[in-house]
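Here is a brief report on one chain and its ligand. Look at the sheet first, then the helix beside it, then the ligand and the domains.

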Amino acid sequence: MTQRTIGDVILDVQNISLRFGGVKALTDISFDVREHEIRSIIGPNGAGKSSMLNCINGVYTPQDGSITFRGKTFSHMNSRQVAEMGVARTFQNLALFKGMSVIDNIMTGRNMQIKSNLLLQALRIGPAQAEEIRHREFVEHIIDFLEIQAWRKTPVGQLPYGLQKRVDLGRALAMEPQVLLLDEPMAGMNVEEKQDMSRFILDVNDEFGTTIVLIEHDMGVVMDISDRVVVLDYGKKIGDGAPEEVRANEDVIRAYLGTTH
Ligand SMILES: Nc1ncnc2c1ncn2[C@@H]1O[C@H](COP(=O)(O)OP(=O)(O)OP(=O)(O)O)[C@@H](O)[C@H]1O
């Protein structure tokens, strides 16, 4: 990996417990994420990875614990409020508008940044026009960065899966997040697509300075690109540290031996 400066703690997860009826999805989970870091959460199926991401994202409200983002602690915040604080995410099952073009899908990520009122936007006059031009420029920059110029006007539903994942990343980047949550960005990809996506994640982290929290099943990818890794198993944290540390952790080895990962 290139030499990057990892900063102070930007996201602090403290003693999070989450239950669904009798199911304990997460039990007393604590970990932190430092500014500019690539931090991964791994674990076998049903370990609690998506639940953890959904707590950070404001989709689920944990019964216990707190999450502090840039010094602000929240336990009851909805997804929109979390997004406004600077946390964006991509989805395991793509959440794109299949009939809309690549550009228009990425533009939806700019919605929160648009300040002018709806009528001015609809008429494209005055400040709304200037604003639209600015947003459009930013979106074009993302399109160039993700090397998807050739498909700018193509409806997203017509693109191969790997490219759709890239558009989803573009939509999240359009929000100019400080922290980007990636939910299995390589799921369903072939080797080449995985290599491309790994490179884009590293470049986003490097060039945009975005802090990244990543859930991923492909252990090879995780170990290659992460600064630190949290390991969950049955909703409990069983490992936390640099990739080489986690790889040598007996509990982690045991948890993975019984699975297909
Ligand atoms: N909305 C829900 N309602 C009830 N139980 C849930 C809900 N979401 C998750 N769970 C349960 O919580 C546990 C953790 O699930 P979660 O999806 O967070 O794991 P995961 O590590 O992301 O799994 P996978 O790798 O298969 O996506 C599982 O037992 C799951 O069945």
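## The sheet

Four strands make up an open sheet, ordered β2-β1-β4-β5, and their pairing is antiparallel. At the edges sit β2 and β5 (72-74), each of which pairs on one side only. From one strand to the next, the twist averages 20°. Keep in mind that this is a predicted model.

Now take the pairing at the β5 edge. β4 covers residues 64-69 and pairs with β5 in the antiparallel sense. Three bridges join these two strands. In one of these, Thr68 has Thr73 of β5 as its bridge partner.

## The helix on the sheet

α1 lies across three strands: β1 (9-20), β2 and β4. Its direction makes an angle of about 60° with β2.

Is α1 enclosed or open? Seven of its eight residues are buried, so the helix is largely enclosed by the rest of the structure. The buried residues are Lys49, Ser51, Met52, Leu53, Asn54, Cys55 and Ile56. After α1 comes Gly58, with a positive phi near 85°.

## The ligand shell

Which residues surround the ligand? They are Phe20, Val23, Ala25, Gly43, Asn45, Gly46, Ala47, Gly48, Lys49, Ser50 and Ser51. By class, this shell holds four nonpolar residues, six polar and one charged.

Two elements, β2 (23-34) and α1 (49-56), each supply at least two shell residues. α1 gives the most, with three. Two of the shell residues, Lys49 and Ser51, are also on the list of buried residues in α1.

## The two domains

The domain assignment splits the chain into domain 1 (1-86 + 177-261) and domain 2 (98-175). Across the boundary, 12 residues of domain 1 are in contact with 10 residues of domain 2.

On the domain 1 side, α2 (79-84) and α7 (191-208) are the elements that give two or more residues. The largest share comes from α7, with five residues. That side of domain 1 divides into nine nonpolar residues, one polar and two charged.

The table sets out the residue classes for the ligand shell and for the side of domain 1 that touches domain 2.

| Site | Nonpolar | Polar | Charged |
|---|---|---|---|
| Shell around the ligand | four residues | six residues | one residue |
| Side of domain 1 that touches domain 2 | nine residues | one residue | two residues |

To recap, α1 both lies across the sheet strands β1, β2 and β4 and gives the most residues to the ligand shell.

Terms used. Residues numbered from 1 in each chain as written. Predicted model: local features only at pLDDT ≥ 70, side-chain atom pairs only at ≥ 80, totals over all residues. Near = placed C-beta within 6 Å. Nonpolar A, V, L, I, M, F, W, Y, C, P; charged D, E, K, R; others polar. Pairing = 2+ DSSP bridges. Axes fitted to C-alpha atoms, helices over the stretch in contact; angles between N-to-C directions. Contact = placed C-beta atoms within 7 Å. Domains from an automatic or database assignment. Buried ≥ 20, exposed ≤ 12 C-beta atoms within 10 Å, placed from the backbone.
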